[in-house]
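User: I am new to reading protein models. Please take one part of this one and walk me through it closely, then show me how the rest connects to it.

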Amino acid sequence: MSVLIVGSTALDSIKTPKAENPRLLGGSASHAAVAASFFSPVKLIGVVGEDFPKQYLQLYKRHRIDLEGLQILPGKTFHWSGEYELNMNNRRTLLTELGVFETFTPTLPKAYQNAAFVLLANIAPSLQNHVLNQMSRPKFVAADTMDLWLNIALEDLLKLLKRLDLFVLNDSEAHQLTKEDSVFAALKKIHKLGPKYVIIKKGSHGSILSSPKGFFICPAYPLQNVVDPTGAGDAFVGAMMGYLATAKGSVEANIRRAMIYGSVTASFCCEGFGLTCATKLKRTQIEKRVKELEKLTRF
Ligand code: AMP
């Protein structure tokens, strides 16, 4: 089964304490799509401008990502720039240029409307709702968000939450949404807004799932050298959805294992700038780290 992914398709200019790299391939949908592609076929919905480098289109194609839903419009590609502190869990946005995203309202190709697994990666909640409106009967719908939408589009986001199976957000966003300090208290409150499954990401400290069967704590893979964590959250949920789309049995039974695969795939994303490491990855390397995580957490 394939995964339909909508989100930002961007050029990212990233600054870390050690290096600076302009105009890399980025965006929530790009990171999520590449991560998901290690597990299942991906259909991408996004928009780029005429300045979007051809080699980035080739990169999507090398990952067999279906680009029928990617529009190329006159104008500039969404450009985001961010700078990391020495503690790479902390980052500030330097610049967001919406470009062609400003007026983007996609019409889904027919072949996309029946996708069983849908990932609404970080983008305006009105757009996430708009895409979901065009789906016939997805089996499982997940969404991610960011602080910006909690600030400027809360009403749309609350509408979306009622339509989701899984909502993924990071700990500061969970605090912002619920005003709870404890992630466990926040998880309980978020369920009341709609989603059956909620995952709170805690950067290099892993993630926590809350489901009808209780909590599950998923570790981050222990990395000694983080080069650039941009997109790790997107890679996490992208890989999770890719894994879920091909796993046998019920979603409930597979979701914890999917988180481990998400965590490992995200770890590779952090080891290079932008998508440089993730795109060289082999499935066998993912399986090796999954086994290591299994050993690290067994007692
Ligand atoms: P993450 O590190 O998981 O927060 O994801 C970073 C990615 O989000 C980058 O590749 C950016 O291009 C993308 N991004 C940043 N700001 C926005 C925004 N306002 N809407 C959608 N995507 C964004």
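Analyst: Start with strand 6, in what is a predicted model. Strand 6 is mostly covered, since 6 of its 7 residues are buried. Here, buried means under 20% relative accessible area.

Now look at the neighbours of strand 6. On one side of the pairing list is strand 2. These two strands run parallel, and 6 bridges join them. One pair to find is Asp12 and Trp80: Trp80, in strand 6, is the bridge partner of Asp12. The other neighbour to trace is strand 7, which spans residues 91–97. Strand 6 and strand 7 pair in the antiparallel sense, again over 6 bridges. Trp80 turns up here too, standing opposite Thr96 in strand 7. The two strands form a hairpin, with 6 residues between them. Trace Trp80 in both pairings: Asp12 is its partner in one, and Thr96 stands opposite in the other.

Strand 6 also leads to the ligand. Which elements supply at least two residues each to the shell around the ligand? They are strand 2 (10–15), strand 6 (78–84), helix 4 (147–152) and helix 8 (232–246). In total, 17 residues surround the ligand. The closest are Ser8, Asp12, Gly27, Arg91 and Gly231. By kind, the shell divides into 6 nonpolar, 8 polar and 3 charged residues.

Go through three contacts one by one. Ser8 places a polar side-chain atom 2.8 Å from a nitrogen atom of the ligand. Asp12, the bridge partner of Trp80, has a polar side-chain atom 2.4 Å from an oxygen atom of the ligand. Arg91 has an N or O atom in its side chain that is 2.8 Å from an oxygen atom of the ligand. How much of the ligand does the protein cover? On its own, the ligand has 510 Å² of accessible area, and the protein covers 90% of that.

Helix 4 deserves a second look. Ile152 is found in this helix. Is Ile152 buried or exposed? Ile152 is exposed, at a relative accessible area of 60%. Compare its position with that of Pro229. The two are 77 residues apart in sequence, and their C-alpha atoms are 25 Å apart in space.

Next, another covered strand. Strand 9 covers residues 140–144, and 5 of its 5 residues are buried. In a regular strand, side chains alternate between the two faces of the sheet. Both faces of strand 9 are covered. Phe140, Ala142 and Asp144 are buried on one side, and Val141 and Ala143 are buried on the other. Strand 8 (residues 117–120) runs parallel to strand 9, joined by 4 bridges. Within this pairing, Val118 stands opposite Val141.

Helices can be covered as well. Helix 1 spans residues 28–36, and 9 of its 9 residues are buried. Among them are Ser28, His31 and Val34. In helix 9 (residues 251–269), find Ser263. This serine counts as buried, at 7% relative accessibility. A polar atom of the Ser263 side chain lies 2.6 Å from the backbone oxygen of Pro219.

Now the cysteines. How many disulfides are there? The count comes to 0. A disulfide needs two cysteine sulfur atoms within 2.5 Å. For the sulfur of Cys269, the closest cysteine sulfur is in Cys270, 5.4 Å away, so it is too far for a bond. Cys269 is buried at 1% relative accessibility. Cys270 is buried too, with a relative accessible area of 10%.

Finish with two backbone angles. Arg23 has a phi near 50°, a positive value in a residue other than glycine. Its place is in strand 3 (residues 20–26). Arg23 counts as partly exposed, at 39% relative accessibility. Arg64 also has a positive phi, near 55°, and is likewise a residue other than glycine. Arg64 sits in the loop between helix 2 (54–62) and strand 5 (65–73). With a relative accessible area of 65%, Arg64 is exposed.

How values were computed. Residues are numbered from 1 along each chain as its sequence is written. This is a predicted model: local features need pLDDT of at least 70, side-chain atom pairs count only at pLDDT 80 or more; totals for chains, interfaces and linings use all residues. Side-chain values use heavy atoms; hydrogens and water are left out. A residue is near a molecule or strand if one of its heavy atoms lies within 4 Å of it. A polar contact is a pair of N or O atoms within 3.5 Å; within protein, one must be able to donate a hydrogen and the other to accept it, and residues adjacent in sequence count only if both atoms are side-chain atoms. Accessible areas come from the Shrake-Rupley method with a 1.4 Å probe; for residues, only the protein chains shown count as cover. Ala, Val, Leu, Ile, Met, Phe, Trp, Tyr, Cys and Pro count as nonpolar, Asp, Glu, Lys and Arg as charged, and the others, Gly among them, as polar. Buried means under 20% relative accessible area, exposed over 50%, partly exposed in between (1.4 Å probe, protein chains only). Two strands pair if DSSP finds at least two bridges between them.
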